[in-house]
Amino acid sequence: MRITRLIIFYISTMILYLIAMIGMFISFSYSKGWILTDFEFIDAKEAIVLISKEKDIAILDVRTPREYENQHLENAKHIPVQNLTDNLSMLVDDKDKRIIVYCRSGNRSIKASRILEKNGFTPLNVKGGIIELMRNDAKITK
């Protein structure tokens, strides 16, 4: 009887552990934009080409004010991701444009792209953020 209880306890503990691990994996995958994304990802080279050739493109930097002041893409609008929901009116003129969204490494821009997409915008999330843009010789303003 005691061994049966131990086996049941062990199995139920392992099941709960497995459920927790699956939940953590799903949460991580969502935060990285691997699942449930309705927006497009582009690499830095694609972003640079779009910026130079397309006229109906907007650029949005979602980093902190200090990061933006240090360096940013030429003609980029700045709205920190934590303030984006409250400041969508700043992008009203860009509603019909594709918006290139970037941050430092690509994580915050995923969150921003989700917000934009839910509000009827067309975000293009830059994989690797400004780090990759600089590696690919994007025009940076300091």
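Tutor: Strands in this text are DSSP runs of E with at least two residues, and they are numbered from the N terminus. The model is predicted. Asn75 lies in the loop between β3 (72–73) and β4 (77–78).

Student: Why is Asn75 called exposed?

Tutor: The cut-off for exposed is over 50% relative accessible area. Asn75 has 69%, so Asn75 counts as exposed.

Student: What is the phi of Asn75?

Tutor: Phi of Asn75 is positive, about 70 degrees, although Asn75 is not a glycine. Most residues other than glycine have a negative phi.

Student: Where is Asp137 found, and why is Asp137 called exposed?

Tutor: Asp137 is in the loop between α5 (129–135) and β7 (140–141). Its relative accessible area is 66%; exposed means over 50%, so Asp137 meets the cut-off. Phi of Asp137 is also positive, near 65 degrees.

Student: Which residues line the largest pocket?

Tutor: Asn75 and Asp137 are among them, together with Ile48, Ile51, Ser52, Ile59, Leu73, Glu74, Ala138 and Lys139. The space in this pocket is about 180 Å³. Helix α2 (residues 44–53) gives the most to the lining, with three residues.

Student: What makes five residues of that lining nonpolar?

Tutor: Ala, Leu and Ile are among the residue types that count as nonpolar, and the lining includes Ile48, Ile51, Ile59, Leu73 and Ala138. The rest of the lining divides into two polar and three charged residues.

Student: How do you know that the span of α1 agrees with its 30 residues?

Tutor: The expected span is 1.5 Å times one less than the number of residues, which gives 44 Å for α1. The end C-alpha atoms of α1 are 43 Å apart, so the two values agree. After α1 comes Gly33, with a positive phi near 80 degrees.

Student: Is Leu6, in helix α1 (residues 2–31), buried or exposed?

Tutor: Exposed: relative accessibility of Leu6 is 53%, and the cut-off is over 50%.

Student: Which residues touch the most other members of the largest nonpolar core?

Tutor: They are Ile42, Leu73, Ile100, Tyr102, Val126 and Leu133, in a core of 16 residues. α2 gives the most to this core, with three residues.

Student: What makes Leu124 a contact of Ile100?

Tutor: Contact means heavy atoms within 4.5 Å, and Ile100 is in contact with Leu124. Beyond four places in sequence, the contacts of Ile100 also include Ile42, Ala47, Leu50, Ile51 and Val126.

Methods:
Residues numbered from 1 in each chain as written. Predicted model: local features only at pLDDT ≥ 70, side-chain atom pairs only at ≥ 80, totals over all residues. Heavy atoms only, no water. 1 Å grid on protein atoms, 1.4 Å probe; cavity = no way out; pocket = protein on both sides within 12 Å on 5 of 7 lines; lining within 4 Å. Points joined across faces, edges and corners; volume = space filled by probe spheres on them. Helix = DSSP H or I, 4+ residues; strand = E, 2+ residues; numbered from the N terminus. Buried < 20%, exposed > 50% of the residue type's maximum accessible area, 1.4 Å probe, protein only. Core = buried A, V, L, I, M, F, W, Y, C linked by side-chain atoms within 4.5 Å.
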